[in-house]
Amino acid sequence: MNQIRLLVWLGGLAAAVLFLPGCGADQSAPPGGNTFADPFAYCAAVGTIDAPDTGYTGPEVPEAVINRLREKLDMADDAPAEWLSEGTAWRCMDGQVWACFVGANLPCTAKANTSRTPTAEMTDFCRENPNADVVPAAVTGRETVYEWRCKDGAPEVVKQLVEPDAQGFLSNIWYEIQPE
């Protein structure tokens with residue numbers, strides 16, 4: 001009988017260890033299945049995640065994120081909060097809140113395109129515009145990290161414009177957001 005109790009106790013101990021933060025748990029989920037209504041506490045708990053998951057229970061775009069992003073982008077105070085909320089994406093990187101506003105068609109939720117291989121659309125554009133100085137973003141896609149041009153009917157990279165951040169997003173359109 002004592003052996004059975006010992007096995008049950010050891011089994012319970014093993015189960016408890018499996019649920020300790022950092023012990024076999026998915027590091028993108030909040031430790032212990034906790035949920036957070038505060039984006040800053042949430043990001044501190046999850047570390048890095050591309051978009052809030054079920055561990056975040058607050059507003060889709062928290063007011064603190066909107067207010068700080070408004071400051072970062074030097075937006076007018078009378079810019080409608082609803083407009084900002086609808087165009088804002090936020091995520092967690094290294095335990096910090098980061099936000100992006102789509103503005104003029106910025107690809108906030110897309111990963112940066114680092115491919116140096118021209119797309120069919122770029123090839124078609126360059127066939128029609130054999131020596132165009134610039135292949136427009138409508139053709140290259142706004143996710144590209146490169147400036148493209150056409151040379152003798154073929155697309156080519158001119159230079160790299162932006163580096164992807166640690167999560168693979170365009171680093172020049174994401175802003176670290178501090179608590180108010």
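Strand 1 and strand 2 (residues 96-101) run antiparallel and are joined by 6 bridges; strands here are DSSP runs of E with at least two residues, helices are runs of H or I with at least four, and both are numbered from the N terminus. One of the pairings links Cys92 to Val97 in strand 2. This is a predicted model, in which local features need pLDDT of at least 70, side-chain atom pairs count only at pLDDT 80 or more, and totals for chains, interfaces and linings use all residues. Residues are numbered from 1 along each chain as its sequence is written, and side-chain values use heavy atoms, with hydrogens and water left out.

Now step back to the sheet. It is open, with 3 strands in the order 1-2-5 and antiparallel pairing; two strands pair if DSSP finds at least two bridges between them. Strand 1 (88-93) and strand 5 (175-177) are at the edges with a single partner strand each, so one side of each has no neighbour in the sheet. From one strand to the next, the twist averages 40°.

Helix 2 (residues 39-46) packs on this sheet, touching strand 1, strand 2 and strand 5, where contact means heavy atoms within 4.5 Å. The direction of helix 2 makes about 40° with that of strand 1. Helix 3 (residues 63-72) also packs on the sheet and touches strand 1, strand 2 and strand 5, with its direction at about 135° to that of strand 5. Axes are lines fitted to C-alpha atoms, for helices over the stretch in contact, and angles run from 0 to 180 degrees between N-to-C directions.
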